[in-house]
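Work through the exercises below with the model open beside you. Try each task before you read its solution.

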Amino acid sequence: MKANTKHAECCSHDEDDKVEHQPRESVEHSDHDHGEPGWKSHLGLLAALVILAVMLVLEYGFDTEFPDTINLIIYGVAYLLAGWGILDLAFRKLRRFDIFNEFFLMSVATIGAFLIGEYSEGVAVMVFYSIGEWFQDAAVNRAKRNIKALLDIRPDEVTVIRHGSESRVDPATVDLEEHILIKPGEKVALDGQLLSENASFNTAALTGESKPDTKYAGESILAGMINLNTVAEVKVTALFSDSKLSKILSMVQDATARKSQTQLFISKFAKVYTPIVFFLALAVCFLPYFFVTDYDFNEWFYRSLVFLVISCPCALVVSIPLGYFGGIGLASRHGILFKGGNFLDVMTKVNVVVMDKTGTLTKGVFKVQEVVAGDIDKKELVRLASAIENNSTHPVAKAIVEYAGGDIKTKAEKVEEIAGHGLKGVVDGKEVLAGNLKLLKKFSVDYPAEIEKVLDTIVVIAIDKAYAGYITIADEIKEDAAATINDLHKMNIKTVMLSGDKQSVVDSVAGKLGIDSAYGDLLPEDKVRKVEELKNSGLHLAFVGDGVNDAPVVALADAGIAMGGLGSDATIETADIVIQNDQPSKIVSAIQIGKITRNVVWQNIALAMIVKVIVLALGAGGVATLWEAVIADVGVALLAILNAVRIQRMSV
């Protein structure tokens, strides 16, 4: 959807109008979506502006007067250069008996000016109106480009194996079944199947699972995962264009179709406002004949033209979507995607935020939480455990090695990885087992029964077939989580946490963050029931989640927010707002941006209405000319643009 389509939506109100905009888009705005300078597609308009300026300078600066025929030809050329696209659209609409639209009104007003010999004013109206359109399109395109730049963060290059050699290529050029290499720390650019024996990936953004995932040969690898350790070879199973980010980009193209309640109201208002003012213009032209003794048709016809120009709903109607585009652009700068202006409105009404725990308030990465030693010193337990875990690339092993200081001096020998259980090896002549409880059971090692009640991920250590202790590893709370909850409370917004984790873990996290209510041991259907209860109590609710099991609740909420631009397909599809960088503080930013946008939109509405009423009155009284009318109309639109652009530069 190109920029000018917003005009079809705002001022013409039906699907056929969008189709009719296509010729104009293809002629005037075809370069906007290709990154070329916008002025290249407006050379005709710029030429018309130059002609108008030169003629006015000659007329008023040098008292040069041309014969009427010469004036008509010169101004006629300038008029067609500036307004051919608008005249074409007006004619198309006229064939469908649609005359209450901005294009027909502008065409009638400017042609009328030519009929009574006001050539310069007719050209001025068309030129400045078209310049206003250009500025509006530029503002909208800028907001869209900001959003696209935010979302299109896919890798620019990928290592592909062709004819036995490696080469770096654009991922869009990689075909199905080709083999690519993912190096440690690299983001996977294409969906595929793992060919390497195994590899560990950070999948928190994709699955909502806090535990980094070790994949084995034959398992699926998804675009958006981050390779954590060894080089992984992957067979491509989906093209670059079919990635999750590509799907989100297509959603951005449809965002303008989701109008806010304010936009819908103004659209309905314009449908009534425009014909009323149109018939008032006719009345201004003909009614004085019955009441004015020295009635001059040309004079009253000119006043009616002023009425027509100022009656154009463009400045009024366009100011609203421009404001929402400004809000969407500001959000994009802060890593937030709003799928439509209506959700900016929704966020201003939210009075309770319901959040998932894992991946939303916690990082989804492992950190050592506690070391519990049996009949051995804690430092010795960590030394032995880290020595053997240093031979593994598993994220849990890395967490233990990192906790031990990273530089492991002690060497382990005869290290054996037992799939699904853990590691076995020899350290300082002692046989060391490090893994889960299944590992100890496999080797018939007795351990305290209370260990099975530990909630966090646990690594149990045995030395020479005897239990020695355990290390717990858990997810880490995000740095800005506590500040987020505090800021929400300052805004008088209630906070609720829903999680599938055990209630004791949920209570612990909620206590640390100061969350009002926390519910654990919930299945997806239980989350849905809780959200329904909150909504039925009259609250306006935003739900924040990431994993696929959050999709039903995200769809149910007044505002569904997905954490992570590469979150699960189901959640991204159903979410109304996507937080791209996984920071919960962006929830607060989204609410603030909604309120900023609402304020600016109503400023634009008030400004447009006041100016129009004043100029309508002056036009009817013969005080305002076509110059004042077009300057007022375009001026209000430009002020609205500047106000909307100001949104994008605001800080939240």
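**Exercise 1. The end of a helix**

Task: Find which residue with a positive phi follows H4, then describe the course of the helix.

Solution.
- Step 1. Go to the residue Phe97, which follows H4; its phi is positive, near 60°. Keep in mind that this is a predicted model.
- Step 2. Go back to the helix. H4 covers residues 68-95, which is 28 residues.
- Step 3. Compare the spans. A straight helix would reach 40 Å at 1.5 Å a residue, but the end C-alpha atoms of H4 are only 32 Å apart.
- Step 4. Look for a bend. At Gly83, H4 bends by about 70°.

**Exercise 2. The whole protein**

Task: State how many helices and strands the protein has, and how much of the protein is buried.

Solution.
- Step 1. Count the elements. The protein has 22 helices and 22 strands.
- Step 2. Turn to burial. Of the 652 residues, 54% are buried.
- Step 3. Take the surface. About 27900 Å² is exposed, and carbon and sulfur atoms supply 57% of it.
- Step 4. Check the contacts. Take those between residues at least 6 apart in sequence: 66% of them join residues at least 24 apart.

**Exercise 3. A six-stranded sheet**

Task: Give the order of the six strands in the open sheet, and say which strands stand at the edges.

Solution.
- Step 1. Read across the sheet. The order is S2-S1-S3-S9-S4-S7, with antiparallel pairing.
- Step 2. Find the edges. S2 and S7 (220-221) each have a single partner strand, so one side of each is left without a neighbour in the sheet.
- Step 3. Move to one pair inside that order. S3 and S9 (residues 232-236) pair in the antiparallel sense over four bridges.
- Step 4. Pick a facing pair of residues. Ile180 stands opposite Val234 in S9.

**Exercise 4. Salt bridges around the first strands**

Task: Say which residue forms a salt bridge with Glu178, and whether Glu178 is buried or partly exposed.

Solution.
- Step 1. Recall the principle. Side chains of opposite charge can pair when their charged atoms come close.
- Step 2. Find the partner. Glu178 pairs with Arg162, and their closest N and O atoms are 2.7 Å apart.
- Step 3. Place both. Glu178 is in the loop between S2 (165-169) and S3 (179-182), while Arg162 is in S1 (residues 158-162), so the bridge ties together parts 16 residues apart in sequence.
- Step 4. Apply the cut-off. Buried means under 20% relative accessible area. Glu178 has 16%, so Glu178 counts as buried. Arg162 has 25% and is partly exposed.
- Step 5. Go on to a second bridge. Arg168 and Glu186 meet at 3.4 Å, N to O. Arg168 is in S2 and Glu186 in the loop between S3 and S4 (192-194), 18 residues apart.
- Step 6. Check exposure. Arg168, at 40%, is partly exposed. Glu186, at 22%, is partly exposed too.
- Step 7. Widen the view. Glu157, Arg168 and Glu186 are linked in a network of salt bridges.

**Exercise 5. A salt bridge further along**

Task: Explain which parts of the chain the bridge between Lys465 and Glu431 ties together.

Solution.
- Step 1. Take the distance. The two side chains meet at 2.6 Å, N to O.
- Step 2. Locate the residues. Lys465 lies in the loop between S16 (457-463) and S17 (466-477), and Glu431 in S15 (residues 430-435), so the pair ties together parts 34 residues apart in sequence.
- Step 3. Add the exposure. Lys465 is partly exposed, at 43% relative accessibility.
- Step 4. Set the bridge in context. The whole structure holds 14 salt bridges.

Technical notes:
Residues numbered from 1 in each chain as written. Predicted model: local features only at pLDDT ≥ 70, side-chain atom pairs only at ≥ 80, totals over all residues. Heavy atoms only, no water. Salt bridge = Lys/Arg side-chain N within 4 Å of Asp/Glu carboxyl O. Helix = DSSP H or I, 4+ residues; strand = E, 2+ residues; numbered from the N terminus. Buried < 20%, exposed > 50% of the residue type's maximum accessible area, 1.4 Å probe, protein only. Contact = heavy atoms within 4.5 Å. Areas by Shrake-Rupley, 256 points an atom, 1.4 Å probe, with all protein chains shown as cover. Expected span 1.5 Å × (residues − 1). Bend = angle between axes of the 7 residues up to and from the residue. Pairing = 2+ DSSP bridges.
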